[in-house]
Amino acid sequence: MKTINDDIIKQLINWRTFRTNQHAVANTLKLSDNDAQQELLNELFSHRFNRYTATQLSELVTAHDTNLGWSITYARLDLVSKHFKQLGKRAQMEHAAELEDVSTGIIRLSDDNGNTTDISEFKLQQVVAQFPTDKTRLFVDLTLRYGKLETMAVLKLNNKQYQRRLRNATSYVNKCRSKFDLVTDNKRDSKLYMLNSLNELFSTIDKEGSIQSWIDSHTKLVNELLADSTVRYQGTILRAFEQASKSDQYAFIRECIGAQTKAQQWIDQSNEAIKEAGISNEA
């Protein structure tokens, strides 16, 4: 693309569609509005807008072109997707549990009848990963995120080809239902969250970091652990860990070690069950 002048940029960032997606990026990735704006602009100009000349882009922005608006939305989704893929295991720790106070990384899926389902970015990736080939995984991921028309355009499919791939994917889900049910199980999400949170705690302890900071960011989990512990003064552990008695500190850490071990055992068994379900259904 040729050099974009400041007027085009100004028109673009004042467009309501752009502002809406900018705010969504800021909220999802916990960025300032200015940083979110820059990230979205970079994504648009490096990918979605690179097929336009400066003149074409100026005309489309001025006209508030519908397709260009969708490009902004898709760019925002791509940006968020890249972010969560880069997080790797941190995505499990921070987003897999879908706790009441976690609103980041949520995608709203829609079917052809207008029904919607909210799913976390991490859980969506878990579901897609269960399909057997990269080709099918890409098709399912695009269909769930962007819908039929965008998927057909990106993969250059006609309606007949799209429907055939959709039937094949649906057939695989039905055939391997037990595997998908295990992956999407809410209990699994909760165990993953607990395991990875406690792994973070013990990493913090090894590095002589702030245990109180970890407690402050995991209040709901800490309350659950304290409820099953022998800690005498639980409020002190919550508010001022360093001021708690050594016996209460040790009792809390012992509870965390026990919970970590149980969560790891549960996840290991769950992973084995998923593996076995996949093998038996594909045999």
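Student: Hi! Quick one to start: is D65 buried, partly exposed or exposed?

Tutor: Hello! This is a predicted model, and in it D65 is partly exposed, with a relative accessible area of 22%. Buried would mean under 20%.

Student: Where does D65 sit along the chain?

Tutor: D65 is in the loop between helix 4 (54-62) and helix 5 (66-87).

Student: And what does D65 touch?

Tutor: Leaving out residues up to four places away in sequence, D65 touches W15 and L60. There is also a polar atom of the D65 side chain that lies 2.9 Å from the backbone nitrogen of L68.

Student: What about H64, where is that one found?

Tutor: H64 is also found in the loop between helix 4 and helix 5. H64 counts as partly exposed, at 45% relative accessibility. One thing to look at is its backbone: H64 has a positive phi of about 50 degrees, although it is not a glycine.

Student: Why bring up the sign of phi?

Tutor: Because most residues other than glycine have a negative phi.

Student: OK, and what is the phi of E208?

Tutor: E208 has a positive phi of about 55 degrees, and it is not a glycine either. You'll find E208 in the loop between helix 12 and helix 13. E208 counts as exposed, with 74% relative accessibility.

Student: Let me zoom out. How many helices and strands does the protein chain have?

Tutor: The protein chain has 16 helices and two strands.

Student: How much of the chain counts as buried?

Tutor: Of its 283 residues, 42% count as buried. The accessible surface of the chain comes to about 16300 Å², and carbon and sulfur atoms make up 47% of that.

Student: What share of the contacts comes from residues 24 or more positions apart?

Tutor: Counting contacts with a separation of 6 or more, 59% are between residues 24 or more positions apart.

Student: Now the inside. How many residues are in the largest nonpolar core?

Tutor: The largest nonpolar core has 25 residues. Those with the most contacts inside it are L198, W214, I215, L225, I237, F252 and C256. Helix 12 (186-206), helix 13 (211-216), helix 14 (219-227) and helix 16 (246-282) each supply at least two residues of this core.

Student: Why would nonpolar side chains be buried together?

Tutor: It is a general tendency: in soluble globular proteins, nonpolar side chains tend to be buried together.

Student: Can we pick one core residue? What does I237 touch?

Tutor: Not counting residues up to four places away in sequence, I237 touches Q212, I215, L226, V231, A244, D248, Q249 and F252.

Student: V231 is on that list. Which side chain reaches its backbone nitrogen?

Tutor: That would be the side chain of S229, at 3.2 Å from the backbone nitrogen of V231. S229 lies in the loop between helix 14 and helix 15 (234-239). S229 is buried, with a relative accessible area of 14%. Setting aside neighbours within four places in sequence, S229 is in contact with Q234 and E255.

Student: Switching topic: how many aromatic pairs are there?

Tutor: The count comes to six aromatic pairs. In one of them, the rings of F139 and Y162 have their centres 5.2 Å apart and their planes at 55 degrees, so the pair is tilted.

Student: Where do F139 and Y162 lie?

Tutor: F139 lies in helix 8 (residues 134-146) and Y162 in helix 10 (residues 159-175), so the pair ties together parts that are 23 residues apart in sequence. Both F139 and Y162 are buried. Elsewhere, F45, F49 and Y52 form one aromatic cluster.

Student: How many salt bridges does a search of the whole structure find?

Tutor: The search finds one salt bridge. R48 forms it with D78, and the closest N and O atoms are 3.1 Å apart. The pair links distant parts of the chain, with R48 in helix 3 (residues 33-48) and D78 in helix 5, 30 residues apart.

Student: Is D78 buried or exposed?

Tutor: D78 counts as buried, at 19% relative accessibility.

Student: Last one: where is T261?

Tutor: T261 is in helix 16. T261 is partly exposed, with a relative accessible area of 38%. From T261 to L198 it is 63 residues in sequence and 9.8 Å in space, C-alpha to C-alpha.

Notes:
Residues are numbered from 1 along each chain as its sequence is written. This is a predicted model: local features need pLDDT of at least 70, side-chain atom pairs count only at pLDDT 80 or more; totals for chains, interfaces and linings use all residues. Side-chain values use heavy atoms; hydrogens and water are left out. Helices (H or I, at least four residues) and strands (E, at least two) are DSSP runs, numbered from the N terminus. Buried means under 20% relative accessible area, exposed over 50%, partly exposed in between (1.4 Å probe, protein chains only). Contact means heavy atoms within 4.5 Å. Accessible areas come from the Shrake-Rupley method with a 1.4 Å probe; for residues, only the protein chains shown count as cover. A nonpolar core is a set of buried Ala, Val, Leu, Ile, Met, Phe, Trp, Tyr and Cys residues joined through side-chain atoms within 4.5 Å. A polar contact is a pair of N or O atoms within 3.5 Å; within protein, one must be able to donate a hydrogen and the other to accept it, and residues adjacent in sequence count only if both atoms are side-chain atoms. Rings of Phe, Tyr and Trp (its six-membered ring) pair if their centres lie within 6.5 Å; planes under 30 degrees apart count as stacked, over 60 as edge-to-face and the rest as tilted. A salt bridge is a side-chain nitrogen of Lys or Arg within 4 Å of a carboxyl oxygen of Asp or Glu.
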